[in-house]
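Please open the model in your viewer and keep the sequence panel beside it, since this tour moves from one selection to the next.

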Amino acid sequence: MVKAVTSQKKAHKSPQFRKELLILTVLLFVLGGIYVLYSRAAIGRYAYNASTNTPSGRLFSDDSPLNQAIPGDVRYLPDGQTRLKAAGLPAASSLLEWSVPVFHADANTPKAVVWCYVYTCDEISKTPVPVPSGVFKQRGGDGHVTIIDTSTRKIYSYWIWKDCTLTWNWIGAQWCPGSAGVASIDGNGVGGGTNVAGLAGGIVRTYEIEQGVIDHALTFSTSTTCKGEPYYPALHSDGTTADQTTCIPIGSRIQLDPSINVDAIPGITQLEKIVARALQKYGAYADDTGGIFGIGVEFDRTGRNVYQKAGAST
């Protein structure tokens with residue numbers, strides 16, 4: 001059974017966070033709850049894997065909401081079953097249309113001027129930022145791109161990425177995304193993303209599937225997000241569901257019941273096992289409103305068919 005574990009309204013204003021949780025069972029039922037989480041100082045880690053030519057290693061500090069394991073004494077929301085049943089489970093992920101391309105940058109990466117045409121991104125527009133050659137956007141309508149710069153230890157997140165060299169813009173930008181976010185990969189990852197919640201990171205990475213372990217919380221979208229304020233660690237919400245008894249707040253966290261023996265599930269693939277174990281230990285945050293209940297994944301640029309070899313059908 002899956003359990004949800006995180007979120008609080010305006011929690012970023014206090015070092016002590018009251019979390020409201022949701023839970024999903026294997027039978028697609030849910031419970032939920034509240035617990036208190038205290039901030040702890042920690043050091044982030046991130047490495048460059050030369051053998052695969054892609055960045056690897058867990059992003060953000062150990063006290064990031066994305067990197068904290070769910071405590072064993074969490075309590076659950078009484079109406080959690082109703083909320084998750086309305087979310088359109090079971091979970092799914094599009095490995096082509098909606099997966100996010102992640103690119104690596106370093107001190108030698110070319111820099112370009114980026115200007116956001118929907119929402120302002122002053123922090124990025126003030127100076128050229130690294131944009132590797134061959135960058136392409138997510139195939140789905142959101143057009144996300146993520147660039148991780150190991151030389152400055154920053155992660156850049158873009159929404160509706162597009163080339164604007166053929167159109168006029170007043171600052172002469174080369175790339176014109178709809179919005180952009182930047183965060184330190186040694187920080188907590190809150191506020192640097194271009195998903196609605198503002199979380200940078202939290203997607204399934206190809207190197208994690210190859211190594212067999214995901215050591216952070218995931219993110220997911222659902223069509224039944226609550227209208228109103230987000231829950232910590234989300235900073236924004238685009239929820240549309242007014243009925244607060246049948247929706248999931250942006251920033252809510254779900255968890256797969258850790259008592260389930262994942263290996264004993266008939267027909268489960270290696271990919272599903274890896275994701276399921278991450279959901280048992282770290283859970284997943286609601287970070288966007290979408291057409292289906294879907295988990296965020298990285299676009300496979302390795303050429304090794306990582307997801308398919310681990311059991312994905314597409």
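A disulfide is counted here wherever the sulfur atoms of two cysteines lie within 2.5 Å of each other. Keep in mind from the start that what you see is a predicted model.

**The whole chain**

Begin with everything selected and shown as a cartoon, where the secondary structure of the protein comes to five helices and 16 strands. The protein has 314 residues, and 54% of them count as buried. If you switch on the surface, its accessible area is about 13800 Å², with 54% of that belonging to carbon and sulfur atoms. Among the contacts in the protein with a separation of 6 or more, 65% are between residues 24 or more positions apart.

**Colour by confidence**

Next, colour the residues by pLDDT, which averages 79 for the protein, with 79% of the residues scoring at least 70. Then select residues 3–53, over which pLDDT stays under 50, although the model has 194 contacts beyond four places in sequence for them. Where pLDDT is low, the predicted coordinates should not be read in detail.

**Select Cys116 and Cys121**

Now display the cysteine side chains; a search of the whole structure finds three disulfides. A disulfide is a covalent bond between the sulfur atoms of two cysteines. For the pair to visit here, select Cys116 and Cys121, whose sulfur atoms are 2.0 Å apart. Which hand does the disulfide of Cys116 and Cys121 have? The torsion about their S-S bond is about 110°, so the disulfide is right-handed. Cys116 counts as buried, at 7% relative accessibility, and Cys121 is buried with a relative accessible area of 7%, where buried means under 20%.

**Step to Tyr117**

Move along the chain to Tyr117, in the loop between strand E8 (111–112) and helix H2 (122–125). Is Tyr117 buried, exposed or partly exposed? Its relative accessible area is 33%, so Tyr117 is partly exposed. Add Val118 and Tyr119 to the selection and show their surface, and you will see that Tyr117, Val118 and Tyr119 make a nonpolar surface patch of about 300 Å².

**Select Cys164 and Cys176**

The next disulfide joins Cys164 to Cys176, with a sulfur-to-sulfur distance of 2.2 Å. Cys164 and Cys176 are twelve residues apart, and each lies in the loop between strand E11 (154–159) and strand E12 (179–184). Look along the S-S bond of Cys164 and Cys176, where the torsion is about 70°, so this disulfide is right-handed. Cys164 is buried, with a relative accessible area of 2%, and Cys176 is likewise buried at 2%.

**Select Cys226 and Cys247**

Finally, select Cys226 and Cys247, which a disulfide joins with an S to S distance of 2.0 Å. Cys226 and Cys247 both lie in the loop between strand E13 (218–222) and strand E14 (253–256), so the pair ties together parts that are 21 residues apart in sequence. With a torsion of about 100° about the S-S bond of Cys226 and Cys247, the disulfide is right-handed. Cys226 counts as buried at 3% relative accessibility, while Cys247 is buried with a relative accessible area of 0%.

**Put the pairs together**

To finish, show the bonded cysteines at once and number them in sequence order; how are they paired? The pairing is 1-2, 3-4, 5-6.

Technical notes
Residues numbered from 1 in each chain as written. Predicted model: local features only at pLDDT ≥ 70, side-chain atom pairs only at ≥ 80, totals over all residues. Heavy atoms only, no water. Helix = DSSP H or I, 4+ residues; strand = E, 2+ residues; numbered from the N terminus. Buried < 20%, exposed > 50% of the residue type's maximum accessible area, 1.4 Å probe, protein only. Contact = heavy atoms within 4.5 Å. Areas by Shrake-Rupley, 256 points an atom, 1.4 Å probe, with all protein chains shown as cover. Patch = residues over 30% accessible without salt bridge, like charges linked within 9 Å, V, L, I, M, F, W, Y side chains within 5 Å. Salt bridge = Lys/Arg side-chain N within 4 Å of Asp/Glu carboxyl O. pLDDT = per-residue confidence, 0-100.
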